[in-house]
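Here's a quick tour for anyone meeting this structure for the first time. Have a look at the sequence and the model, then read on.

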Amino acid sequence: RLKKRTTTENFSALVTALTSVLSVLLLLAVSRQLWTFRWTITRDRVSKLPLPKGSMGWPIVGETLHWLVQGSNFHISRREKYGNVFKTHLLGKPVIRVTGAENIRKILLGEHSLVCTQWPQSTRIILGPNTLVNSIGDLHRQKRNILAKVFSRGTLETYVPRLQDVVKCEVSKWCSDPGSVDVYSASKALTFRIAIRVLLGLSIEESHMDYLSKIFEQLMNNLFSLPFDVPLSGLRKGIKAREILQKCMEQIIKEKLQKQQVEDKDEEHMDAFDYMLSSAKENGHEFSVQELKETAVELIFAAHSTTASASTSLILQLLKHASVCEKVRLELLAHGVAGDALSARSARDNAENPVERTPRSRDNDIISARRESAERSQRSSCGVPYLTLKKVGELSYLDCVVKEVLRFLPPVSGGYRTALQTFELDGCQIPKGWSVMYSIRDTHETAAVYQTPDLFDPDRFGPEKNENKSERFSYIPFGGGTRSCIGRELAQIILKTLAIELLATTEFELASKTFPKMQTVPVVHPVVAVKLWEMYIITGRDHSCKSPLPPGTMGLPFLGETLHMVLQRRKFLQKKREKYGYIYKTHLFGSPTVRVMGAENVRQILLAEHRLVTVKWPVSVRTILGSDTLSNVHGTQHRNKRKTIMKAFSHEALEQYIPVVQDEVRRAIERWLLGGSCVLVYLETKRLMFRIAMRVLLGFEAEQISRDEHELVEAFEEMIKNLFSLPIDVPFSGLYRGLRARNFIHAKIEENIKTKLQHADDDRNPKDALQLLIDSSRRNEERFTMQELKESATELLFGGHETTASTATSLVMFLALHLDALRNVREELREKQLLGTRSEDKPLTMRILEQLKYSGCVIKETLRMNSPVPGGFRVALKTFELNGYQIPKGWNVIYSICDTHDVADVFPDKEEFLPERFMARAAEESLRFNYIPFGGGPRRCVGKEFAKVLLKIFLVELTTKCNWTLLNGPPIMKTGPTVYPVDNLPTKFSSYFDNEPIHT
């Protein structure tokens, strides 16, 4: 009675848990639908136009998390899916994102009538209510008219000499620095000094200038923050920084106001304050001290970050395009603004053969300008003659370079507006009150007027091409309409002056191995939390080791970069490699991780097993497969178990497996030929490889497999699908489903093990891998438990089935796409009398299979291009050095097979399917660790030779009996956990007869 009561209580608890989970899932689904409906009904019913396409995400948060995690890729993916106008929900507001010249034109020219400016609340608070960006209507027009005099042509002419002096001084500092120079930081220092000394006319000591620069950096870092004015918040820090800056300027402003009371109208104006006060007087407006303080900070803001960003982009493109530099230098010489240094260099170049310079590499990931020699350090003192607007205006090619920099990498990605009334855009309604984000960067990238927009080409703005002449709003780095950047002419003069000074007086080179990837700045992000998280993780470095940690980022607190990895996998890994190189740090699945690729780096990891690193699979994998499997044991236990299992893959054992494998492959191909119009190859090869693994590795009889095949395959698929899941064992979780499927497989394997134990004395030959484990267990004092045997059998089933199915599918795909390789395979088979009239029912042997050299090369090339396993997991047993970086003890290490294949220099034309590359014997040594589809070292795949034999048999039977066509063309490949085609590779098979032409 007590037992019955306990069972009832357990059942009741399970029902309660199930009901709770279902209720939560139902609530989430309903709430999302209601959230979408809530915004759908806000459309203006007077307008018959629909809302733009798009998604509003989840209740309250909308798509904000996606936006924060994916960055610029969020907008790119939505634009590709929904078009140039789409709706979303970001930072608590419904938003319409707009791209394209015609759409942008309507937004920018609709200022004050259709839309009005809307900056985030934190920006409005920190900059202040009296600034130009925060004013609207008549007040905006009045302020803009007053400030227009500050940036008029006559005024700019007076700025140029002082601006040139500041640029000359800063560039001279760059050249005198014996090390590398972080150009973005240096550019921000340069533009801050231009704003303070040229625009505002403040004479400040250098030490105080550095202090104010740091204060302004604090203001900028918190300009886009959460609007909570509490201690230690971003907004509070931004306000404090603003107050310090305004206090510094208050005295000079008061002096200017007093001076204005008594000055003569004809007295010369020196700075923006003078021109503002004069213009305000002319327009009947009187500035208060607070207005002037806020305007001063706004002027620094406008002249600082965006121009520093553009300056960095300018230097980046000059570094990348030496021919552009030379063309600008020739133009400077032709117009007499080259200065003594460039003129002297030109004379030398004419007198002797030019010597090409090879840039040196550094590990730090920054752009640098550096001094090459004592001679070059003098060049900055050989001054460029003082410039004038007229002289700068004559430099037409330099103008094209600056325009192309601003098109290619606009410093501001877009702008914010709010709809004042409902209006039509691109066939959709934009409801009143909704936010509108227009994209400058996307508009430049998608404008049809630009030929090859992804290439840096200054000549597109030259008189011959003049690509932007037909569409005014296809080029909008400074915005447009009444809100266009009022200081755009000054910004271009700064960029041109910097370019002239650099190209006329210096030579500069990249100090890092690769060019950095540019990021959008400023962006909305949790600055403080992320920085503290980075600091917390980095404290885990070994301070006894002098080597630095690898480059990289640790993502968001606790989540790390796991969401990036899950949502973007291939793009995420590709971007990381491009940005940080072959070794970088990240934070995945709760652990700090170092990702490694490249032959030499991977060699050190694979050969250091048990010494520097040891295997470590994710918790979910260890839990489902079991702790006593070959992949999860270490040291002596691993070596002994591996030695035992290797007996199942000896040459003699493989010879005995061939008839079984050939029989299963032939049966499968017969089914495919009878399957009609479509066979899903990936699903069918998994079924085939599963049957082979069950018979060859676990010793199941064919009749037994046929009886339980459907249930076993389903259970195994469920287990594999949840192998990499969150380590939470609750009803309906991935781990729960994986364990339940594993337990069903274990029950079937246990029946087979008991049968083997009953017939243990039978002298069967050959013995399958499972039987060899059982025999080894009986001979040793420490016998395997039933659980250990079941776990080892399941691991063999996983290793011998999933990966070979992936490769067999890739073989079908590649041979369908490369008919020349298919012809070569058949020619080889014909030579070995495996194809033709004398080949009927000819049994395969190891000797025959070893003679199929080209077929082996086809398999190798398939494994190179589509390695079924993307990489392997390790954990550092102690801190060690790898390629100049420290790998701290306890950190995870992931070595990448697919990336190592991608970056290997030994493979020319690596994007091409070329089996012939493996025919040369001399290539074998060079391929070591450049080619690692089976891993390497003590942990290399134990069934490597079995996989090769199986795949060769599959290839022989397939090519001698079938022609086939891919019904969907080349598929999209995904990883999870092995590589597979998303569409399962639908294929039509037909019988092949020798000498029949291949169907194309």
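Residues 24 or more positions apart account for 75% of the contacts in the chain with a separation of 6 or more. Keep in mind that this is a predicted model. The chain has 1000 residues, and 52% of them are buried.

**The chain as a whole**

- You'll find 37 helices and 19 strands in the chain.
- About 46,600 Å² of the chain is exposed, and 55% of that comes from carbon and sulfur atoms.
- The structure holds 49 salt bridges, and a few of them get their own bullets further down.

**A sheet of 5 strands**

- One open sheet has 5 strands in the order S1-S2-S7-S4-S3, and the pairing is mixed.
- Which strands stand at the edges? Those are S1 (85-90) and S3 (115-117), and each has a single partner strand, so one side of each is left without a neighbour in the sheet.
- From one strand to the next, the twist averages 35°.
- Strands S4 (residues 414-419) and S7 (residues 435-439) run antiparallel and are joined by 5 bridges.
- In that part of the sheet, Gly415 stands opposite Tyr438 in S7.
- Helix H3 (residues 72-82) packs on the sheet, where it touches S1, S7 and strand S2 (93-98). The direction of H3 makes about 140° with that of S1.
- Helix H4 (residues 101-108) packs on the sheet too, touching S1, S2, S3, S4 and S7. The direction of H4 makes about 130° with that of S7.

**Salt bridges worth finding**

- Lys149 and Glu282 form a salt bridge, with their closest N and O atoms 2.9 Å apart.
- That pair links distant parts of the chain, 133 residues apart: Lys149 sits in the loop between helix H6 (137-148) and helix H7 (153-176), while Glu282 belongs to helix H11 (residues 272-282).
- Lys149 has 23% relative accessibility, so it counts as partly exposed, whereas Glu282, at 56%, counts as exposed.
- Arg329 and Glu326 meet through their side chains in another salt bridge, at 3.1 Å from N to O.
- Both Arg329 and Glu326 lie in helix H13 (residues 322-334), where they are 3 residues apart, or about one turn of the helix.
- Buried or exposed, what does Arg329 count as? Arg329 counts as buried at 8% relative accessibility, while Glu326 is partly exposed with a relative accessible area of 35%.
- Lys961 and Glu957 form a salt bridge as well, with 2.7 Å between the closest N and O atoms.
- Lys961 and Glu957 are 4 residues apart in helix H37, so about one helical turn separates them.
- Lys961 is partly exposed, with a relative accessible area of 29%, but Glu957 is buried, with a relative accessible area of 2%.
- Salt bridges that share partners also tie Asp663, Glu664, Arg667, Arg691 and Arg695 into one network.

**Thr959, a buried residue in H37**

- Thr959 lies in helix H37, which covers residues 944-961.
- With 0% relative accessibility, Thr959 counts as buried, because buried means under 20%.
- Which residues does Thr959 touch, not counting residues up to four places away in sequence? They are Leu815, Leu822, Val825, Arg826, Leu829, Trp964 and Tyr992.
- Take Val825: Thr959 and Val825 are 134 residues apart in sequence, but their C-alpha atoms are 7.7 Å apart in space.
- A polar atom of the Thr959 side chain lies 2.7 Å from the backbone oxygen of Leu955.

**Lys496, a buried lysine in H19**

- Lys496 has its place in helix H19 (residues 488-505).
- Its relative accessible area is 9%, so Lys496 is buried.
- The side chains of Lys496 and Asp399 are joined by a polar contact of 2.8 Å.
- Leaving aside neighbours within four places in sequence, Lys496 is in contact with Val392, Leu398, Asp399 and Val402.

Definitions and conventions. Residues numbered from 1 in each chain as written. Predicted model: local features only at pLDDT ≥ 70, side-chain atom pairs only at ≥ 80, totals over all residues. Heavy atoms only, no water. Helix = DSSP H or I, 4+ residues; strand = E, 2+ residues; numbered from the N terminus. Buried < 20%, exposed > 50% of the residue type's maximum accessible area, 1.4 Å probe, protein only. Contact = heavy atoms within 4.5 Å. Polar contact = N/O pair within 3.5 Å; in protein donor to acceptor, adjacent residues only side chain to side chain. Pairing = 2+ DSSP bridges. Axes fitted to C-alpha atoms, helices over the stretch in contact; angles between N-to-C directions. Areas by Shrake-Rupley, 256 points an atom, 1.4 Å probe, with all protein chains shown as cover. Salt bridge = Lys/Arg side-chain N within 4 Å of Asp/Glu carboxyl O.
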